[in-house]
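User: I have a model to look at and some terms I want justified. Can you take me through them?

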Amino acid sequence: MLKFVLKRIIYLIPTLVLVAALVFLLIHMIPGDPAAVILGPDATAEDVASVRQALGLDRPLYEQFVVWLGNLAHGDFGVSIHSKRPVIDSIGERFPVTLCLTTLALIFALVVALPSGVLAAVYHNTNKDYLFMIGTILGVSVPGFWLGLMALLVFSVNLGWFPSTGFVAMWEEFWEGLRYMILPAITLGLFMAAVVARMVRSSMLEVLRLEYVTHARAKGLSEWKVITKHALKNAFAPTLTTIGIQYGMLLGGAVVTETVFSLPGLGKYLVVSIYMRDYPVVQGCILFIALVYVFINTIVDLLYGYFDPRVQYS
Amino acid sequence: MFWKKFLHNPIGMIGVVVITLNILMAAFAPVLATHNPLTINVAQQSEEPSAQHWFGTDEFGRDIYSRVIYGSRISLYISLFSVLVATFLGVAIGATSGYYGGWMDNLIMRVMDAIMSFPAILLAIGILAVLGPNLSNVVLALGIVYTPRFARIVRGSVLSLKEKEFVEASKAIGNGDAYIIFRHILPNCTAPLIVQATASLAYAILAESMLSFLGLGAPPPAPSWGNILSDARNFMMDNAMMTVFPGLAITLAVLGFNLVGDALRDVLDPRLK
């Protein structure tokens, strides 16, 4: 087991280096001189030269990359051009909001997807199943951010059930903070709920055909036990991979959701920094979110073995 | 056989109808639109839907119905071309990588994995943040982001096919690599490619609307659905209807491709039924 975990972590290193390299190359895709683009048309030649030096743009590309990678390894994500603060500090302040949002969206998605997917499989090819399929295909077709705008209009502005402006952090006042998070989390999680529900349905259908399920029924187990203890545990392994991959949709979608609901998370910070051409922050945010995504999928891989012991830890 | 099955699939047919309507809307936009989508009319700002302005007007007095109609052009253009770019790059990369193998295959696929390590929309945002927002950059950004999905499919097929006897036979009679790839290998992976392309079209429409909403898509005043929503957001309190229609348009367009995608998957890949 330990060997498997270590192997998986070592396997991660080239991926991480390549991810970092892609983010590093991004800034070099700026047409023309990045320093001049960052400063805008009114900058003097000295300003441009000093920014170029500050960003290390005057050195050869590979040297810049090695230095940048070395800094990253020390947790140095660069310094914001706008606020002059270390990027990693600003990320640290905002990431908890994004983490809360995506986690609540994940919880919502699973609470909706698992029971509905299982029920659709149990009621395969009945009206309930068809209704489920219609619901999920709508779920993957509706743009979450539009749904967010509509929800804001109906539930916050017209009905006044949820606050429409301002923000309270959940870790400061849990219940009040939750009120600010419910609409964003639901509209963000809906797409994932639909994708995961379909995955649960199709894996359950596959499992329910197998002989061991018939055997469990023949033993006289209750249908509830057959489904939850025997079928669902096996059907969950492929679902887990889907959840891991879909978590990326949550992280990416959070950028738009945070903008719609004005949540002070990493996504909104990224968007604002793009408007201000604060490239070190843009680089830092994108890299950080990608690292979180890679990390979560590694955990999913490791968990996979629990649900599907056929995966050998060797 | 395939077409017969597909034509008998009601879900797919509904999808085809929705997509056709969308294409007709884009093609006949000048006929269908009641106003010029860009004309500013200060006398008619933020109006509710009326006989003259079916979906109302925005804060510049522009006709929202006409903007939504013209918006289908941008959305179709971006989705179609970004998926074409992704398919072309993906097929080229996947076929080369799988066919020649070795260290190059390893390196290419690691890069593909690295691209897939980013949430798709996030990488597109990053590319557009750097290149600047305009239509061809959106096509390029989404094209790059979706390339690995196609490359993986093609590489997988190439790896299993290149050991087959008919490929061996073709080599033995002296056919070149390019001929073998195009004549023998690629035709055998069109089914999964078509399924992937249809799904990607749906994603691309969603992604384009998100990018425009963030101000990273078609630059204003272009009437893209995401732009209309982004404008609407600031005037939502005064004119709620402005938010409803562009969202419905996006949903329908995405729905069409998703329905066809589902139907194709059922027909082409019976395993997943």
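Analyst: Here are the terms, each set against its cut-off; note that the model is predicted.

User: How many residues does each chain bring to the contact between chain A and chain B?
Analyst: Chain B gives 37 residues and chain A gives 37 residues. On chain B, the elements that give two or more residues are α5, α6, α10, α11 and α12.

User: What makes up the side of chain B that touches chain A, by class?
Analyst: There are 26 nonpolar, 7 polar and 4 charged residues. Gly counts as polar in that tally.

User: How do you know that α2(B) and α12(B) pack together, and at what angle?
Analyst: Their axes lie 7 Å apart, at an angle of about 145 degrees. Residues meet across the pair: Ile11(B), Ile14(B) and Val18(B) are among those from α2(B), and Leu252(B), Phe257(B) and Asp262(B) are among those from α12(B). By class, this contact has 13 nonpolar, 4 polar and 1 charged residues.

User: What is the handedness of the crossing of α2(B) and α12(B)?
Analyst: The crossing is left-handed.

User: Why is Leu142(B) said to touch Ala124(B)?
Analyst: Two residues are in contact if their C-beta atoms lie within 7 Å. Leu142(B) touches Ala124(B), so this pair meets that cut-off. Leu142(B) also touches Ile78(B), Ser82(B), Ala204(B) and Ala207(B).

User: What makes Leu142(B) part of a nonpolar core?
Analyst: A core joins buried residues of nonpolar types, Leu included, through C-beta atoms within 7 Å. Leu142(B) is among the residues with the most contacts inside the largest core, which has 164 residues. Helix α8 of chain A supplies the largest share of this core, 18 residues.

Note on methods. Residues numbered from 1 in each chain as written. Chains lettered and ligands numbered in written order. Predicted model: local features only at pLDDT ≥ 70, side-chain atom pairs only at ≥ 80, totals over all residues. Helix = DSSP H or I, 4+ residues; strand = E, 2+ residues; numbered from the N terminus. Axes fitted to C-alpha atoms, helices over the stretch in contact; angles between N-to-C directions. Left-handed = near helix turned anticlockwise from the far one by under 90°. Buried ≥ 20, exposed ≤ 12 C-beta atoms within 10 Å, placed from the backbone. Lists of a residue's contacts leave out its neighbours within four places in sequence.
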